[in-house]
Amino acid sequence: MRSFSYYPGCCLKGTGWEYDRSLRAVCAALGIGLVELPDWNCCGPLLSSDGTAGPAVALPARNLALAARTGAALMVPCAGCYKRLREAERALRNDGVRRAVEKLLRLPCDPLVEVRSAVEVLWSLGPQEIARRVRQPLHGLRVACYYGCRMMRPPELVAFAGGKHQVALDELMVAVGAEPITWPYKAECCGAALASTRPGLAQALVDRLLAAAQKAGAEALVTACSLCHGNLEWRRGRAYRGKLPVFYFTELLGFALGLDGTRQWLRRHLVDPLPVLHRFHLTG
Amino acid sequence: MYLVTPGGKETLDPGFWREVRHKSGQPVELCYHCQMCQAGCPLAPLVPVGPNRVLRLVQFGARRSALTAEMIWLCTTCEACSVTCPNGIKLPRVMEALRELAMAAGLAGDRAEAVFRRVFHEIIAARGRISELFLMLHYKLAVRDFFRDVGLGWRLFRHGKLPLKRHGVEDPREIRRILRERAEVLE
């Protein structure tokens with residue numbers, strides 16, 4: 001059984017609760033061990049790293065230092081946190097930066113821990129491995145896989161398996177029997193923190209995404225980032241009220257695997273996903 | 001030399017582009033305005049001065065126009081620009097540098113994005129982690145926007161998305177120290 005240190009990030013304790021729960025349930029069912037990293041700290045999503053040993057590297061690097069003690073790689077569900085921790089990992093590969101950061105943290109950052117997104121870890125199991133455990137294939141469910149920006153760019157930082165980061169969600173959806181549709185906005189930014197500071201602008205961005213997903217024939221969107229999920233659900237115009245629910249990819253994996261607790265996850269959504277799932281049998 | 005802008009004549013600062021290049025680490029002088037960034041930026045259609053125009057202002061030395069451009073505050077670091085720039089300019093880093101220069105020059109005013117960043121980092125310094133309910137309460141208080149998202153906030157709360165319990169690291173002083181200190185890179 002492969003085991004990871006688990007970095008939930010700040011949102012998964014709050015607005016991303018269902019991402020955390022569905023991810024834990026899916027990992028348990030698929031034989032992936034998760035141990036939450038003790039005393040993890042915020043990755044500093046609004047800090048930007050230029051690779052030098054300032055707080056933009058040191059803040060996320062503290063998590064890598066803590067993870068180094070566990071002997072396991074670090075699994076990160078939220079795309080935003082994932083990118084920040086990968087930036088820190090990359091900066092620490094420079095010995096001078098690593099020594100300076102270790103001095104600042106008063107913690108060794110050695111060995112340098114691997115940072116893996118939840119998408120990568122689950123995708124890496126292989127579609128057959130997931131498909132054979134599917135109890136309820138999501139046949140006919142047309143989904144728009146929404147990758148957003150932080151798990152897509154820049155590729156030299158966030159890519160895995162030679163470019164598979166760009167199709168991993170689609171391949172996971174195929175593995176559980178759903179129908180990922182092709183659409184042009186899969187990697188377009190949702191507006192991120194503009195949802196708080198300029199909600200009107202965020203709504204313009206979100207509505208553009210929803211219009212494209214709807215035009216391409218999607219019934220729902222699938223995402224791997226709690227900020228994207230929030231923006232897509234809460235910052236949409238009236239035209240999309242009650243339409244196009246937004247799932248975390250792990251929720252759909254959980255439904256397909258027939259796991260318990262799925263209704264609990266659904267209840268947290270502000271855009272009710274039940275109408276889109278009524279054709280399936282929900283366990284738990 | 002001066003630039004004529006809608007706001008009037010602006011005296012140009014020929015050293016400005018070097019200052020921005022140094023601060024951002026990006027070769028802003030290489031931009032030849034192919035507008036790939038403008039074409040890919042999700043915010044570009046929504047602002048009068050988009051990403052490549054901001055670089056143009058920097059190249060001209062139009063310091064004030066560059067530092068008061070709305071674009072620098074709306075950039076979400078999505079990097080649609082970075083991956084398509086033929087000269088490898090990472091525009092989000094340029095936007096970050098311009099934000100810092102704007103704040104230092106007192107030109108950020110009470111921009112919502114500047115306030116949001118300040119509140120965000122105050123909470124990280126206080127607890128080491130963000131609790132979303134408290135982030136939004138602090139932020140709304142700071143920008144005096146009490147009514148706009150009340151309905152949404154209530155719905156989120158009812159859906160269990162905004163727990164009342166705050167979380168944090170065991171010793172936030174460690175975090176404050178990290179945010180405060182700068183380390184010299186050891187060779």
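Me: Is B:His121 buried or exposed?
Reply: This is a predicted model. B:His121 sits in helix 7 of chain B, which covers residues 112-127. Its relative accessible area is 19%. Buried means under 20%, so the label follows. B:His121 is buried.

Me: Which residues is B:His121 in contact with, leaving aside its neighbours within four places in sequence?
Reply: Contact means heavy atoms within 4.5 Å. Chain B supplies B:Leu179. Chain A supplies two leucines. The names are B:Leu179, A:Leu46 and A:Leu47.

Me: How many helices and strands does chain B have?
Reply: From the N terminus, the elements run β-β-α-α-α-α-α-α-α-α-α-α. The strands thus open the chain, and helices follow. The count is two strands and 10 helices.

Me: What percentage of the residues of chain B count as buried?
Reply: Chain B has 187 residues. Its C-alpha trace spans about 55 × 50 × 30 Å along the principal axes. The buried part is 49%.

Me: What share of the area that chain B exposes do carbon and sulfur atoms supply?
Reply: Chain B exposes about 9900 Å². Carbon and sulfur atoms supply part of that area. Their share is 55%.

Me: How far apart do the centres of the positive and negative side chains of chain B lie?
Reply: Chain B has 29 positive side chains. It has 20 negative ones. The centres of the two sets lie apart by 4 Å.

Me: Is B:Ser65 buried or exposed?
Reply: B:Ser65 belongs to helix 4 of chain B, residues 63-67. Not counting residues up to four places away in sequence, B:Ser65 touches B:Thr5, B:Glu10 and B:Leu57. Its relative accessible area is 18%, and the cut-off for buried is under 20%. B:Ser65 is buried.

Me: What distance in space lies between B:Ser65 and B:Val54, C-alpha to C-alpha?
Reply: The two residues are 11 apart in sequence. In space, their C-alpha atoms are separated by 8.4 Å.

Me: Which elements are included in what covers the buried residues of helix 8 of chain B?
Reply: Helix 8 of chain B covers residues 132-142. Its buried residues are B:Glu132, B:Leu133, B:Phe134, B:Leu135, B:Tyr139 and B:Lys140. The cover includes elements from both chains. They are helix 7 of chain B and helix 9 of chain A.

Me: Which residue with a positive phi follows helix 8 of chain B?
Reply: The phi in question is near 55 degrees. The residue is B:Arg144.

Me: Which strands are at the edges of the open sheet in chain A?
Reply: Four strands form this sheet, in the order 6-5-7-8, with parallel pairing. An edge strand pairs on one side only. That picks out strand 6 (179-180) and strand 8 (246-248).

Me: Which residue is the bridge partner of A:Val143 in strand 7 of chain A?
Reply: Strand 5 of chain A, residues 142-145, pairs with strand 6 over two bridges. There A:Arg142 stands opposite A:Glu179, and A:Val143 has A:Pro180 as its partner. Three bridges join strand 5 to strand 7 of chain A. In strand 7 of chain A, the partner of A:Val143 is A:Ala220.

Me: At what angle does helix 11 of chain A run to strand 8 of chain A?
Reply: Helix 11 of chain A covers residues 226-234. It lies across strand 7 and strand 8 of chain A. Its angle to strand 8 is about 165 degrees.

Me: Why is helix 8 of chain A largely enclosed by the rest of the structure?
Reply: Helix 8 of chain A has eight residues, 168-175. Among the buried ones are A:Leu169, A:Leu172 and A:Met173. The cover includes helix 5, helix 6, strand 5, strand 6, strand 7 and helix 12 of chain A. The helix is largely enclosed because the buried residues number six of the eight.

Me: Is A:Glu87 buried or exposed?
Reply: A:Glu87 is placed in helix 3 of chain A, residues 79-92. Not counting residues up to four places away in sequence, A:Glu87 touches A:Ser49 and A:Leu157. Its relative accessible area is 12%, so A:Glu87 is buried.

How values were computed: Residues numbered from 1 in each chain as written. Chains lettered and ligands numbered in written order. Predicted model: local features only at pLDDT ≥ 70, side-chain atom pairs only at ≥ 80, totals over all residues. Heavy atoms only, no water. Buried < 20%, exposed > 50% of the residue type's maximum accessible area, 1.4 Å probe, protein only. Pairing = 2+ DSSP bridges. Axes fitted to C-alpha atoms, helices over the stretch in contact; angles between N-to-C directions. Areas by Shrake-Rupley, 256 points an atom, 1.4 Å probe, with all protein chains shown as cover. Lys, Arg positive; Asp, Glu negative; His and termini not counted. Charge placed at Lys NZ, Arg CZ, Asp CG, Glu CD.
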